[in-house]
Amino acid sequence: MKLNDEIQWTQEAPEVCTDDVNNFWPYLPHRPVIKQEGSTKVRPVFEASAREKSTPSSSQCLNCGPNLIEFNPSLLLRLRERKYGVSADSEKAFLQVSVRKSDGDYLRLLWWTESGQLKVCRHARVVFGVVSSPFSLGAVLKFHLERLSEDPHYNKRVLVTLKQSFYVDNVVASVDREEELYQFIQVAKDVISKGMFRLRSWQYTGDKEISVSSVFWYIME
């Protein structure tokens, strides 16, 4: 796999770093995950929890923020609160959040080029697999939604619902009426696109079941 090929992460995530490879910086180990389906056939997975004996890992040196697992019960209750449950996920959400160059030195990786040269890179975007990344993404989304909360072009009730509906890169909410459902989907798409995010894979209860947190849900009349 080339460093500058069509795979999205290699185009957006790393920046070339010219510093000496022997400098004392952590390097993220990574391995490919191959998928037979979908548009991205090969996806790299980074392991920030890897460490040497008697030394902390990169993730152990970072503030991870609140434990998001504790929000799972409220997530499921939110889905079932009203008649129509709705969910979506944000496409490549972590890659939409930039990392300062100085912080990128703590997100380095090594890469072999096709010519056999060892290349030193550093990420320019938030990395999936680093313990602080979910909190960083959530903070960016919260800032974006609060900035638009006073925009008269958007329904305030929908904005409040959307702000309460994010779980990492997923949206989980519920509404009372079918017309509210379609309004929520449209407003959510428009608002999130202002921050260069894209909501996709929309699912909602009604005439079909949906999957949230690996559990299938459907409406019983």
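Guide: The loop between β7 and β8 is where Val168 lies, and the model that shows this is a predicted one.

Visitor: Why does Val168 count as partly exposed?

Guide: Its relative accessibility is 21%, and since buried would require a value under 20% and exposed one over 50%, Val168 falls in between and is therefore partly exposed. The backbone of Val168 deserves a remark as well, for this residue has a positive phi of about 55° although it is not a glycine.

Visitor: Where is Met196, and what makes it count as exposed?

Guide: Met196 sits in the loop between α6 and β9, and its relative accessibility is 61%. Exposed begins over 50%, so Met196 meets that condition. Met196, too, is not a glycine and yet has a positive phi, of about 70°.

Visitor: How do you know that Tyr182 and Tyr204 form an aromatic pair, and what kind of pair is it?

Guide: The structure holds 3 aromatic pairs, and Tyr182 with Tyr204 is one of them. Their ring centres are 6.3 Å apart, which is within the 6.5 Å that a pair requires; the planes stand at 85°, and because an angle over 60 degrees counts as edge-to-face, that is the name given to this pair. Tyr182 belongs to helix α6 and Tyr204 to strand β9, so the pair ties together parts that are 22 residues apart in sequence.

Visitor: Are Tyr182 and Tyr204 buried, exposed or partly exposed?

Guide: Tyr182 has a relative accessible area of 42%, while Tyr204 has 22% relative accessibility. Neither value is under 20% or over 50%, so each residue is partly exposed.

Visitor: How do you know that β4 and β9 pair, and in which direction do they run?

Guide: At least two bridges are needed for two strands to pair, and 4 bridges join β4 to β9, so the condition is met, with the strands running antiparallel. Within β9, Gln203 is the bridge partner of Ser87. These strands belong to an open sheet of 4 strands, in the order β7-β8-β4-β9 and with antiparallel pairing.

Visitor: Why do β7 and β9 stand at the edges?

Guide: Each of β7 (166–167) and β9 has a single partner strand, so one side of each is left without a neighbour in the sheet. Helix α2, residues 72–80, lies across β4, β7 and β8 and runs at about 40° to β8.

Visitor: What makes β5 and β6 a pair, and how many residues lie between them?

Guide: They are joined by 5 bridges and run antiparallel, and because at least two bridges suffice, they count as paired. With 5 residues between them, β5 and β6 form a hairpin, and Gly116 in its turn has a positive phi of about 90°. Trp111 stands opposite Lys119 in β6.

Visitor: Which residues touch the most other members of the largest nonpolar core?

Guide: That core has 39 residues, and Leu162, Phe166, Phe184, Val191 and Trp202 are the ones that touch the most other members. Among the elements that give two or more residues to it are β4, β5, α5 and β9, and α6 gives the most, with 7 residues. Leaving aside residues up to four places away in sequence, Leu162 touches Leu145, Val171, Phe184, Ala188, Val191 and Ile192.

Visitor: What share of the protein chain is made up of buried residues?

Guide: Of its 221 residues, 36% are buried, and the chain contains 6 helices and 11 strands.

Definitions and conventions:
Residues numbered from 1 in each chain as written. Predicted model: local features only at pLDDT ≥ 70, side-chain atom pairs only at ≥ 80, totals over all residues. Heavy atoms only, no water. Core = buried A, V, L, I, M, F, W, Y, C linked by side-chain atoms within 4.5 Å. Buried < 20%, exposed > 50% of the residue type's maximum accessible area, 1.4 Å probe, protein only. Contact = heavy atoms within 4.5 Å. Phe/Tyr/Trp six-rings, centres within 6.5 Å; stacked < 30°, edge-to-face > 60°. Axes fitted to C-alpha atoms, helices over the stretch in contact; angles between N-to-C directions.
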